[in-house]
Amino acid sequence: RRAAVAFSRKVMKSLFPLCAAALAAAFSTGASAAPSSRVIEFGIYETELVASPPAGTPVGRYKLVKQTRRIPLRQGLRFGFCTEVSGLEFEGKYTVTEIVRHPLMVQPNGVEQTGWNVPRMISVRDGKAFWCQSQVLKEPHELVPGKWRFVVGDGDGDFIIEEFETVKGK
């Protein structure tokens, strides 16, 4: 009987690494590459919509005036960026989260704001999507110098991170 128990223990010890490897393979999701983004354009944009944007381009709703990450604080100024996201494992509509952080702003009613989080839908085709984001400094209380940070991602991580610095002066 002792020989049988010893043999069983030996078999179990030799099978354990094999079973552990099989379980790990069964429960792994695969090592796929994370989505990545490429900035197409960024900077200061006109505030009026382009009447006839170029066909087949994600960019074109607003005309880029100047490529810069230093944004002068002027009421009515629009700034932002457009990116191409690739490596998405979905097709069709996909929900992402847009997170915007900006310098502390105090609205006329006394409410303080440093940003927002909003769910958004993107259209994915062949694993790619385009994302354009812009902000217009509309109100006097929005003219605060500091860093603006735009982040877009899903539950697995962030795939777009863009930053701008709003500055006093021209």
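Select cysteine 82 and cysteine 132 to begin: in this predicted model, a disulfide joins the two residues, with an S to S distance of 2.1 Å. The count of disulfides comes to one. Turn the view along the S-S bond, where the angle of 120° makes the link of cysteine 82 and cysteine 132 right-handed. Cysteine 82 belongs to strand β4 and cysteine 132 to strand β7, so that the pair, 50 residues apart, links distant parts of the chain.

Next, display the accessible surface around each of the two cysteines. Which of the terms buried, partly exposed and exposed applies to cysteine 82? Cysteine 82 is buried, because its relative accessible area is 5%, under the cut-off of 20%. Cysteine 132, in contrast, counts as partly exposed, because its relative accessibility is 37%, which lies between the limits of 20% and 50%.

Now select the largest nonpolar core, a group of 25 residues. Which of its members have the most contacts inside it? They are Phe79, Ile122, Trp148 and Phe164. Colour the strands to see where the core comes from: β1 (36-45), β4 (78-86), β5 (92-106), β6 (112-124), β7 (129-136), β8 (146-154) and β9 (157-167) each supply at least two residues. Strand β5 gives the most, with four residues. In soluble globular proteins, nonpolar side chains tend to be buried together.

Within this core, centre the view on isoleucine 122. Leaving aside residues up to four places away in sequence, isoleucine 122 touches Leu88, Gly92, Lys93, Tyr94, Val96, Ala129 and Trp131.

Move then to glycine 87, which is placed in the loop between β4 and β5. Glycine 87 is partly exposed, because its relative accessible area is 41%, a value between 20% and 50%. Add lysine 128 to the selection and draw a line from C-alpha to C-alpha: glycine 87 and lysine 128 are 6.6 Å apart in space, although 41 residues apart in sequence.

Finally, colour the chain by pLDDT. The mean for the chain is 81, and 74% of its residues reach 70 or more. Where is confidence lowest, and where is it highest? The lowest mean, 47, is found in helix α1 (residues 2-27), and the highest, 97, in strand β3 (residues 70-72). To end the tour, select residues 15-31: pLDDT stays under 50 over this stretch, and the model has zero contacts for it beyond four places in sequence.

Notes:
Residues are numbered from 1 along each chain as its sequence is written. This is a predicted model: local features need pLDDT of at least 70, side-chain atom pairs count only at pLDDT 80 or more; totals for chains, interfaces and linings use all residues. Side-chain values use heavy atoms; hydrogens and water are left out. pLDDT is the predictor's confidence in each residue, from 0 to 100. Contact means heavy atoms within 4.5 Å. A nonpolar core is a set of buried Ala, Val, Leu, Ile, Met, Phe, Trp, Tyr and Cys residues joined through side-chain atoms within 4.5 Å. Buried means under 20% relative accessible area, exposed over 50%, partly exposed in between (1.4 Å probe, protein chains only). A disulfide is a pair of cysteine sulfur atoms within 2.5 Å.
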